[in-house]
Amino acid sequence: MFGPLEFRPLYQERVWGGRFFEQALGRDLPEGKTIGESWEIVDRPEAQSVVARGPLEGKSLRELVQAHPEAMVGAGWPAERPFPILVKWLDCQDRLSLQVHPPASVADELGGEPKTENWYVAGTNGDSALIVGLREGVTREQFQQGIADATLESLVHRFPVQAGDSILVESGRLHAIDAGNLILEIQQNSDTTYRVYDWGRVGLDGKPRQLHVEQSMRCIDFADFEPEPLRASAVAGESVLADCREFRIRRIAREADAPLVLGDPEAEAPAASLLHVVKGAVEVTWEGGRTTVLAGSNVLVAADGTYSGRAVSETVVLVTDRFSQP
């Protein structure tokens, strides 16, 4: 058995980022850098998660999946297929660009990858918002004119959020994260983003960032009006935040010493899951080992093994599963 695997974060500079991971997650960030993203779990040619500690320390996620595909991910998983989920923390000190990810129907033609993602709002500055979808009745023609006139702000759906809110952003859904949000993003393993509008901003190099208006217009769902998030729940228990073709995400709140089921009790065969500790801490036990997973951590619970969990204190975790269909 592998035991739960925690990986070294891969920090990404972003013009809209900052240094909040130091305070919120207790991270040591690269000096002098504006960090917007921490890639927690990733298996891509340009970015590889590496095990942070334990007997597999230094091994990459690609090495592990290639050597033990079924034990790591699930029955029938091809060794050459990348791990299907990418997990990030986002420190949004400024508003992100207005963007879209390509649906599967046009992704190949555009040379990109489809990307459905879920945002879990882990923290806000008290006046935070998200932009998702269009205002009711906005047409494609009005949107196109809004790009030309720099008036898109009045055409998109912006709504306030608080810690614990969550929303599924499927491929084709127009979106942007507003300033003041700490977001846990759980997504398909993809890195294709088309910027349709960037609020007149320049990049870290002082130049306007590249836009992808033509590609964006082919991807945006112009019938997607005013979607609403799942609002935070303060009560102990379990709820489903997202259940789509690409993954399922459950939110589990537990009091101290309460048990946690880490796997999918309805699964027909053993399959991997991901544990994201948002608040508190979880003690994970498996055959031959025990470890405590702290708030801010994202760990891979491999398919090969039986694990049990216990909330060390008042705890909120997300569990991502049902992503391991070959």
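1. A quick bit of vocabulary to start: helices (H or I, at least four residues) are DSSP runs, numbered from the N terminus. With that in hand, look just past helix α5: Ala150 comes next, and its phi is positive, near 60°. Keep in mind as you read on that this is a predicted model.

2. Stay with α5, which covers residues 140-149. Which of its residues are buried? They are Phe143, Gly146 and Ile147. Looking down the helix axis, these buried residues fall within an arc of 100°, so they line one face of α5. Turned away from that buried side is a face carrying the exposed residues Glu141 and Ala148.

3. So much for the helix itself; now its surroundings. The cover over the buried residues of α5 includes three strands, β7 (98-100), β9 (129-134) and β14 (194-197), along with helix α6 (213-219).

4. Next, the cores. The largest nonpolar core has 52 residues, and Met72, Phe83, Leu275 and Leu300 touch the most other members. Strand β23 (residues 315-321) supplies the largest share of this core, four residues. There's also a second, separate core of 20 residues, with Val138, Phe143, Ile147 and Tyr197 among them.

5. Leu275 is worth clicking on. Beyond its neighbours within four places in sequence, Leu275 has contacts that include Leu262, Val282, Val284, Val317, Leu318 and Val319.

6. Last stop: His157, in strand β10 (residues 156-160). Is His157 buried or exposed? His157 is buried, because its relative accessible area is 7%, and buried means under 20%. Its side chain reaches the backbone oxygen of Pro227 at 3.0 Å. Further along the chain, His157 also touches Glu226 and Glu228, among others.

Methods
Residues numbered from 1 in each chain as written. Predicted model: local features only at pLDDT ≥ 70, side-chain atom pairs only at ≥ 80, totals over all residues. Heavy atoms only, no water. Core = buried A, V, L, I, M, F, W, Y, C linked by side-chain atoms within 4.5 Å. Buried < 20%, exposed > 50% of the residue type's maximum accessible area, 1.4 Å probe, protein only. Helix = DSSP H or I, 4+ residues; strand = E, 2+ residues; numbered from the N terminus. Contact = heavy atoms within 4.5 Å. Arc of directions from axis to C-beta. Polar contact = N/O pair within 3.5 Å; in protein donor to acceptor, adjacent residues only side chain to side chain.
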